[in-house]
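I opened the model today and kept notes in the order in which I looked things up.

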Amino acid sequence: MSIPHLFRCPISLDLFTDPVTLSTGQTYDRLSIERWLAGGNLTCPVTMQRLTDPSLVPNHTLRHLIDQWLLDGPNRSPHQEPTRRVDHVGFSLAALKQNLQSPSGGAAAKVETLRKIRILAMESDVGQSCLIQLGFLSFLLRLLFQNQATPWVDNLELAELALDCILSLSPSTQEAPLSMIKEPSSLASLVTLLEGGNIKIKTSLCYLLDAISYSPQSEELCLVIGQNRQVLQGLVCLLNDRTAATVPAAEAAVRAISGLCSLEPNQDCAIRSGVVDGLVGYLSHSTRRNAAKALSTLELLVGLESGSKALLRNNGAVRVLVKMIFLVSDDHQGGEHAVGVLLTVCQASAQARVDAVNARVLTQLLLLLQSQCSPKAKNKARALLKLLSSMWIEDPRVCNSLI
């Protein structure tokens, strides 16, 4: 979507976000011309006329034309006669905010407004940039998490659309707007959405949490969310739901949990919230596209004594992990983490060693060592074989019968 020449600031060459006009008749983006004047320049950048009056006059007509162009799409020329009056409320980005804020507007009107915003956010890089610069991310987050009337309760499509727009506005790059989620009322709304939203809403929330957790700027927020047991338990519920319709939500939940657990202070709370059992249950299911990520998270968690104990309490966990050693991915990254988890729990428990051998771990380890796996994977596999060799010495018949 190329920007028409008339809609570009002569200084920045970017799309106008707040066009203002000088006394010379030339229009610039406010931020660009303010920087020019702050640098001690007393002339118009285009005409080089000396400015006797440095005042900046908002160019509302150009602002409305740009808004209409964004909403109409790239096919209409800026010289073409508008299909509606340019000052029509529907064509102003500011008016889109007003439509959502208006208490008199019904749910249907708000949904239609969010559809327009989603088109701008998802189908146009320029539109997305404008929405970001005009603060739409903060507004949409407030609408979703801080609206006391919770308008989405009776209209889940409203929450779906709001989340689509939020995810399209690069939330991971914007720390300030996201900080509002730390507030107790916002966290309560997040929990309510995870518990009462439909699968699409829950999946989108997981992707939002994933974006938050992988942004260095949002570490404090990630700590707050990652130590909220209700949020973690909501994610675990998604892992435990095995119906076909919920598979995308489970995959997204793995990503969210992995991101939250990447911070060490969150790990103990995750273990107490049932994340270990949830990840094992996810790995036992036939569909597991994020298996490597789930296994790497388990390896982090069993590094804590409480995590190791949680996994050992799960009777089927060792068998599931043995199956993951050689069947996860072509690069065996998941296999490396599966061996890492087994190595940790087998060091802690004689019963885990017996369970691993009974699950034919020796065969899996030998196959892994003969593959093109990473040096780290091979080192972990050799360490586990060495650990299990004590069982071989004690009773070779047991291990020979299981290879």
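**Entry 1: a helix on the sheet.** I started with helix α1, residues 30-38, which lies across β1, β2 and β3. I took its angle to β2 and got about 95°. I note here that the model is predicted.

**Entry 2: the sheet itself.** In what order do the three strands form the open sheet? I read the order as β2-β1-β3, with antiparallel pairing. The edge strands are β2, at 27-29, and β3, at 57-58, and each of them pairs on one side only. I then looked up the pairing of β1 (residues 19-21) with β2: three bridges join these antiparallel strands. For Val20 I found the bridge partner Tyr28, in β2.

**Entry 3: the whole protein.** I went back to the overall count and have 23 helices and three strands for the secondary structure. The protein has 403 residues, and 48% of these are buried. I looked at contacts between residues at least 6 apart in sequence; 65% of them join residues at least 24 apart. For the surface I noted about 18,900 Å² exposed, with 51% supplied by carbon and sulfur atoms.

**Entry 4: cavities.** How many cavities of 30 Å³ or more does a search of the whole structure find? It finds one. I noted a volume of about 70 Å³ for the largest cavity. I listed its lining as Leu239, Asp241, Arg242, Thr243, Thr246, Val247, Ala250, Glu251, Tyr282, His285 and Thr287. Helix α13, residues 247-261, gives the largest share of that lining, with three residues.

**Entry 5: Thr287.** I picked Thr287 from the lining of the largest cavity for a closer look. I located Thr287 in the loop between α15 (275-283) and α16 (291-301). Is Thr287 buried, exposed or partly exposed? Its relative accessible area is 30%, so I entered Thr287 as partly exposed, since the partly exposed class runs between 20% and 50%.

I next looked up what Thr287 touches, leaving aside its neighbours within four places in sequence. The contacts are Val247, Glu251 and Tyr282. I found these three residues again in the lining of the largest cavity, where Val247, Glu251 and Tyr282 are listed along with Thr287. Last, I took a C-alpha separation: Thr287 and Pro248 are 39 residues apart along the chain, and their C-alpha atoms are separated by 10.0 Å.

Definitions and conventions: Residues are numbered from 1 along each chain as its sequence is written. This is a predicted model: local features need pLDDT of at least 70, side-chain atom pairs count only at pLDDT 80 or more; totals for chains, interfaces and linings use all residues. Side-chain values use heavy atoms; hydrogens and water are left out. Helices (H or I, at least four residues) and strands (E, at least two) are DSSP runs, numbered from the N terminus. Buried means under 20% relative accessible area, exposed over 50%, partly exposed in between (1.4 Å probe, protein chains only). Contact means heavy atoms within 4.5 Å. Accessible areas come from the Shrake-Rupley method with a 1.4 Å probe; for residues, only the protein chains shown count as cover. Two strands pair if DSSP finds at least two bridges between them. Axes are lines fitted to C-alpha atoms, for helices over the stretch in contact, and angles run from 0 to 180 degrees between N-to-C directions. On a 1 Å grid over the protein atoms alone, a cavity is a set of points where a 1.4 Å probe fits but cannot get out, and a pocket is an open set with protein on both sides within 12 Å along at least five of seven lines; lining residues have an atom within 4 Å of a point. Grid points are joined across faces, edges and corners, and a volume is the space filled by probe spheres set on the points.
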